[in-house]
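Biologist: I am new to this structure. Please show me how to read its features, one at a time.

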Amino acid sequence: MTMHDADRPLDALDRAILGLALEEPPSGLRASILLATAYRPAPPFSFWELAFLGALGAAAVWFAALLILGGGSLFVHTVTTIASATTTLLSNGATLAWLAAGGATALWLSLFTVSQPVAHASHRFGPRNVP
């Protein structure tokens, strides 16, 4: 439609279309359309969060199947080996000193720097082009 289309005389088809008796839209139609499109809340989880939760659930199912199928003693042996290795690692004084220095640095940075506001969940996927 150009700028001068309003100046041209209406042809028979245009007059027939404009003469149609149209029904009023149902009450709340505009609001329901806006709620379903522009004002729709952001999903509670992103794709990567869902993938991580799925992998965590798969690992839990695998551990449950391992225990049910009789691999319980091997699993317990593995956990005790990991626990003893962790205990040996954390009994080293230098490791504990580095962990304390890192914790103190993290505490210092979180307490004494200007806090940055976290983006709202509705802006997680970028801005929407709403007319």
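Biologist: How much area does the protein expose, and what share do carbon and sulfur atoms supply?

Modeller: Accessible areas come from the Shrake-Rupley method with a 1.4 Å probe, and for residues only the protein chains shown count as cover. The protein exposes about 11800 Å². Carbon and sulfur atoms supply 72% of that. A word on the source: this is a predicted model, where local features need pLDDT of at least 70, side-chain atom pairs count only at pLDDT 80 or more, and totals for chains, interfaces and linings use all residues. Residues are numbered from 1 along each chain as its sequence is written, and side-chain values use heavy atoms, with hydrogens and water left out.

Biologist: What percentage of the residues count as buried?

Modeller: Buried means under 20% relative accessible area, exposed means over 50%, and partly exposed lies in between (1.4 Å probe, protein chains only). Here, 3% of the 131 residues count as buried.

Biologist: How many helices and strands does the protein have?

Modeller: Both are DSSP runs, numbered from the N terminus: helices are H or I, at least four residues, and strands are E, at least two. This protein has five helices and zero strands.

Biologist: What span does helix α5 reach from its first C-alpha to its last?

Modeller: The expected span is 1.5 Å times one less than the number of residues. Helix α5 covers residues 93-112, 20 residues in total. It reaches 28 Å, close to the 28 Å expected.

Biologist: Which residue caps the N-terminal end of α5?

Modeller: Asn 92 does. One of its side-chain oxygens lies 3.2 Å from the backbone nitrogen of Ala 94.

Biologist: Which residues form a nonpolar patch on the surface?

Modeller: Patch residues have over 30% relative accessible area and no salt bridge (a side-chain nitrogen of Lys or Arg within 4 Å of a carboxyl oxygen of Asp or Glu). Nonpolar side chains (Val, Leu, Ile, Met, Phe, Trp, Tyr) are joined within 5 Å, like charges within 9 Å. Here the patch is Phe 45, Leu 50, Phe 52, Leu 53 and Leu 56, with about 500 Å² together. Leu 56 sits in helix α3 (residues 47-68). Leu 56 is partly exposed, at 47%.

Biologist: How many aromatic pairs does a search of the whole structure find?

Modeller: Rings of Phe, Tyr and Trp (its six-membered ring) pair if their centres lie within 6.5 Å; planes under 30 degrees apart are stacked, over 60 edge-to-face, the rest tilted. The search finds two. Phe 47 and Trp 48 are edge-to-face: 5.2 Å centre to centre, 75 degrees between the planes. Trp 62 and Phe 63 are tilted, at 5.1 Å and 55 degrees.

Note on methods. Polar contact = N/O pair within 3.5 Å; in protein donor to acceptor, adjacent residues only side chain to side chain.
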